[in-house]
Amino acid sequence: MIRSVKGTHDILPDQTWRWRKIESALHNFMQKYGYQEIRTPAFEKTELFTRSIGETTDIVSKEMYSWTDQGGENLTLKPELTAPVVRAFIQHNLGSQSAVNRLYYMDALFRRERPQKGRTRQFHQFGAEVFGSAHPEADAEIIAISYNFFKTLGIDNLTLTLNSIGSEECRQNYRNELRSYLKPFLSDLTETSQNRFKNNPLRILDTKIKYEKEIIKNAPDIDSFLTADDKSHFKEVKSLLNALSIPFTIDTQMVRGLDYYTRTTYEITSNALGAQDALCGGGRYDKLVETLGGKPTPAVGFAAGIERLLLALESKTSNFNDEPIQIYIVGMVEDARSVCQVLAQELRDQGFSVATDLLQRSLKSLLREANRNNVKIAIIIGDDELANNTVQVKNMETGEQTTIIINKLIEYLTDLDF
Ligand code: AMP
């Protein structure tokens, strides 16, 4: 038997309805904020990701699914969504059509990570990007969207962690300072961190290794390197979040895994999750549009993992239920079978969800199945009903059974209001 690839998962019918709930909640929610959906291809030129995410990041250095196609082109299944959205923004000149572009998306991503609970090799994200505003209102809007969406879905115990990593100028000074601090510990660091020391020392702050965490505890903080403009931007973001009643904590060592961020970075975690507790990450990236060949355009965005969101929602099943089929139609005799099919169609046209039996089973076994599937109504048609133009309507909750004249059936079912 051929099995699915390690780190990928089928989403089966007992789960797909939960995905649909999230998807439709997201579309409604984003519409309230005036965001428009964008969809980009599943794969892009590899260069798009190496240039934007950064050569020294985990994603680019070891996690991308890349290949050279039959035409010799280097391609990659998308490991994140901001770069493709920025590429589309530039390519289609969206910036010239409107001063501010508010975009959102939902998509599958691919990273060759070590699979574990909440971490897969194909996973799904939704996210939003706003292009064209360098002002703190845009940062606050993006943060509020992600935070409030989780709240709307009923996820409690959210922690929003916030930082400003400043502009590129201030990061250059900070990098040097961080190197000076780390130098005496260099031989104690892992090989990965030693490489990062050379190429991108900020990434060492992201370490998950306990003794490295101890070392960086006393590392200099980036906030003392922020320029006056960076500082006032950050101050305004914080005060807008306070005004919007969005609680946050500051972590001056949170740099996040992608290189393109400038100024605001943030993460939302939930203690309903295990080790992989990050629901969402985002931040400002004022240079990325330029880096990828567009006109200088400030931007800010976030991306959130749908699998993680579903894990966090697992304890919330009361708010989240699949809608069962409402009506089963059961034909008890051969002659009733086509009548059942036609009636099912008529009821569907009226907006009911209806199933008929495809296995020609007995009434008893069908009623048992209807009960198991939380069906509300069974409509039963036998010889007497055919002869009298009636149907039996059985309320599966109360067990009550009523004879109804067929041309009064829709009225009767509508009045039941189930
Ligand atoms: P990132 O694109 O790395 O900033 O991640 C944003 C969000 O995507 C994270 O907070 C997670 O919720 C989710 N995520 C990232 N990587 C994975 C993965 N391998 N499997 C499942 N979810 C992921």
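Q: How many strands make up the open sheet that contains E13, E12 and E14, and in which order do they lie?
A: In this predicted model, the order of strands across a sheet is read from who pairs with whom, and here the open sheet has five strands in the order E13-E12-E14-E15-E16, with mixed pairing.

Q: Which strands of this sheet stand at the edges, and why is one side of each left without a neighbour?
A: An edge is recognised by counting partners: E13 and strand E16, residues 401–405, each have a single partner strand, so one side of each has no neighbour in the sheet. Between neighbouring strands, the average turn is 25° when direction is ignored.

Q: Where in this sheet do strands run antiparallel, and which residues stand opposite each other there?
A: Strand E15, residues 390–395, and E16 run antiparallel and are joined by five bridges, and within this pair Gln-392 is placed opposite Thr-403 of E16.

Q: Which helices pack on the sheet, and what angles do their directions make with that of E12?
A: To read such packing, one looks at which strands a helix touches and then at its direction. H13 packs on the sheet with contacts to E12, E13, E14 and E15, and its direction makes about 160° with that of E12. H14 also packs on the sheet, where it touches E12, E14 and E15, and its direction makes about 175° with that of E12.

Q: What joins E12 to E13 and to E14, and how do these strands run?
A: Strand E12 is linked to strand E13, residues 354–356, by three bridges, and the two run parallel; in this pair Ile-327 lies opposite Val-354 of E13. Towards strand E14, residues 377–381, there are five bridges, again in a parallel arrangement, with Ile-329 facing Ile-379 of E14.

Q: What unit do E12, H13 and E13 make?
A: Here the path is followed from one strand over a helix to the other strand, and E12, helix H13, residues 336–349, and E13 form a β-α-β unit that is right-handed.

Q: Are the residues of E12 buried or exposed?
A: The burial of a strand can be followed residue by residue and then face by face. Strand E12 spans residues 327–331, and five of its five residues are buried. On one side these are Ile-327, Ile-329 and Gly-331, and on the other Tyr-328 and Val-330, so that both faces of E12 are covered.

Q: In what order do the strands of the sheet with E2, E3 and E4 lie?
A: This open sheet has three strands in the order E2-E4-E3, with antiparallel pairing. Strand E2, residues 43–45, and strand E3, residues 66–68, are the edge strands, each pairing on one side only, and the twist from one strand to the next averages 30°. E3 pairs with strand E4, residues 74–77, over three bridges in the antiparallel sense, and Ser-66 is found opposite Thr-76 of E4. H2 packs on this sheet, touching E2, E3 and E4, with a direction at about 75° to that of E2.

Q: At what angle do H2 and H4 pack, and how far apart are their axes?
A: Helix H2, residues 46–53, and helix H4, residues 82–91, pack at about 110°, and their axes are 9 Å apart. The two helices are therefore roughly perpendicular to each other. Leu-48, Phe-49 and Ser-52 of H2 meet Ala-83, Pro-84 and Arg-87 of H4 in this contact, whose residues comprise four nonpolar, one polar and one charged.

Q: Which residues other than glycine have a positive phi, and where do they lie?
A: Phi is read together with the residue type and its place in the chain. Among such residues is Asn-374, with phi near 60°, in the loop between helix H14, 363–372, and E14; with 54% relative accessibility, Asn-374 counts as exposed. Another is Asp-417, with phi near 50°, in the segment after helix H16, 409–416; Asp-417 is exposed at a relative accessible area of 65%.

Q: Is Trp-19 buried or exposed, and what does it touch?
A: Trp-19 lies in helix H1, residues 13–32, and counts as buried because its relative accessible area is 10%, where buried means under 20%. Leaving aside residues up to four places away in sequence, Trp-19 touches Ile-11, His-124, Ile-306, Glu-307 and Leu-310. Of these, Glu-307 is 288 residues from Trp-19 in sequence, while their C-alpha atoms are 9.1 Å apart in space.

Note on methods: Residues are numbered from 1 along each chain as its sequence is written. This is a predicted model: local features need pLDDT of at least 70, side-chain atom pairs count only at pLDDT 80 or more; totals for chains, interfaces and linings use all residues. Side-chain values use heavy atoms; hydrogens and water are left out. Buried means under 20% relative accessible area, exposed over 50%, partly exposed in between (1.4 Å probe, protein chains only). Helices (H or I, at least four residues) and strands (E, at least two) are DSSP runs, numbered from the N terminus. Two strands pair if DSSP finds at least two bridges between them. A crossover is right-handed if, with the strands pointing away from the viewer, the path from the first strand over the helix to the second runs clockwise. Axes are lines fitted to C-alpha atoms, for helices over the stretch in contact, and angles run from 0 to 180 degrees between N-to-C directions. Angles under 35 degrees count as roughly parallel, over 145 as roughly antiparallel, 65 to 115 as roughly perpendicular and the rest as oblique. Contact means heavy atoms within 4.5 Å. Ala, Val, Leu, Ile, Met, Phe, Trp, Tyr, Cys and Pro count as nonpolar, Asp, Glu, Lys and Arg as charged, and the others, Gly among them, as polar.
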